[in-house]
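Work through the two exercises below with the sequence and the model in view, and try each task before you read its solution.

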Amino acid sequence: MNCSVAAIPLAALVVFGAVRGAADGDSQTLAALLDSVVSYRADFEQVVTSQFGDVLQTATGTMHLERPGRLRWQVDEPYPQLVVSDGEYVWVYDPDLEQATVQLFDETVEGTPMMFLTDTAVLDEHFQVRPKSPTVESDRRFALSPRNSESTSLFREITLTFSADGWLTGLDIVDDLDQRTAMVFRHGEVNPVLESGLFEFEVPAGVDVIGNLPDDVPAESAP
């Protein structure tokens with residue numbers, strides 16, 4: 001499993017689910033933007049760069065999201081990968097490896113930014129929200145960063161970029177090693193009606209499954 005790619009959906013879920021418990025000022029402004037989004041669909045382009053600016057990875061694909069906790073993150077290029085969350089389990093499927101991993105939603109989010117999705121009241125206690133200068137005059141940008149170095153977060157800063165219409169168009173993540181993951185969202189649709197099947201994963205025949213199997217997955221799917 002490519003950890004860099006698979007980690008992004010966790011941040012995406014944080015973006016759409018975590019900020020409602022924030023305090024006032026900039027946090028309230030950001031919360032108002034996010035609270036207007038119940039579902040979202042977009043194409044994405046992702047570039048991961050090292051602390052020296054070297055490109056480590058690129059990827060393109062599509063994202064479908066429905067609050068709270070439901071996500072379909074499909075990487076098409078250069079290597080196919082599918083991440084599906086129904087709010088109870090998170091699946092990561094690598095077709096080339098014929099392997100799928102599954103974890104309980106709560107276990108997946110523990111120790112990650114996504115932990116605030118399940119306990120939004122603690123977000124303001126651990127993170128501060130501040131505005132950032134826009135790269136385009138009509139854009140609105142906000143940065144989320146840990147309040148102290150003892151935070152359990154796996155990132156140093158997340159920057160969210162919104163269009164003048166209030167659509168999320170960019171998501172940048174900087175980790176503790178100064179590795180940057182920059183995503184651009186295009187052709188976004190806010191609050192579309194999404195089929196429930198998008199957030200369900202059926203194990204393909206012959207695929208090994210690693211992790212905590214849901215009760216409704218046939219035993220023969222396990223390795």
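**Exercise 1. Describe the largest nonpolar core, and state which strand gives it the largest share.**

Solution. The largest nonpolar core has 31 residues, and the members that touch the most others are Leu30, Met63, Trp73, Leu160, Phe162 and Phe185. Such a core is a set of buried Ala, Val, Leu, Ile, Met, Phe, Trp, Tyr and Cys residues joined through side-chain atoms within 4.5 Å, where buried means under 20% relative accessible area (1.4 Å probe, protein chains only). Strand S9 (residues 155-162) supplies the largest share, four residues; strands are DSSP runs of E, at least two residues long, numbered from the N terminus. Apart from this core lies another of 11 residues, including Val84 and Trp91.

The model is predicted, so local features need pLDDT of at least 70 and side-chain atom pairs count only at pLDDT 80 or more, while totals for chains, interfaces and linings use all residues. Residues are numbered from 1 along each chain as its sequence is written, and side-chain values use heavy atoms, without hydrogens and water.

**Exercise 2. Classify the ring pair of tryptophan 91 and phenylalanine 201.**

Solution. Rings of Phe, Tyr and Trp (its six-membered ring) pair if their centres lie within 6.5 Å, and planes under 30 degrees apart count as stacked, over 60 as edge-to-face and the rest as tilted. With 4.9 Å centre to centre and 35 degrees between the planes, this pair is tilted. Tryptophan 91 lies in strand S5 (residues 89-94) and phenylalanine 201 in the loop between strands S11 (180-190) and S12 (208-211), so the pair ties together parts that are 110 residues apart in sequence. Tryptophan 91 is buried because its relative accessibility is 6%.

Notes:
Buried < 20%, exposed > 50% of the residue type's maximum accessible area, 1.4 Å probe, protein only.
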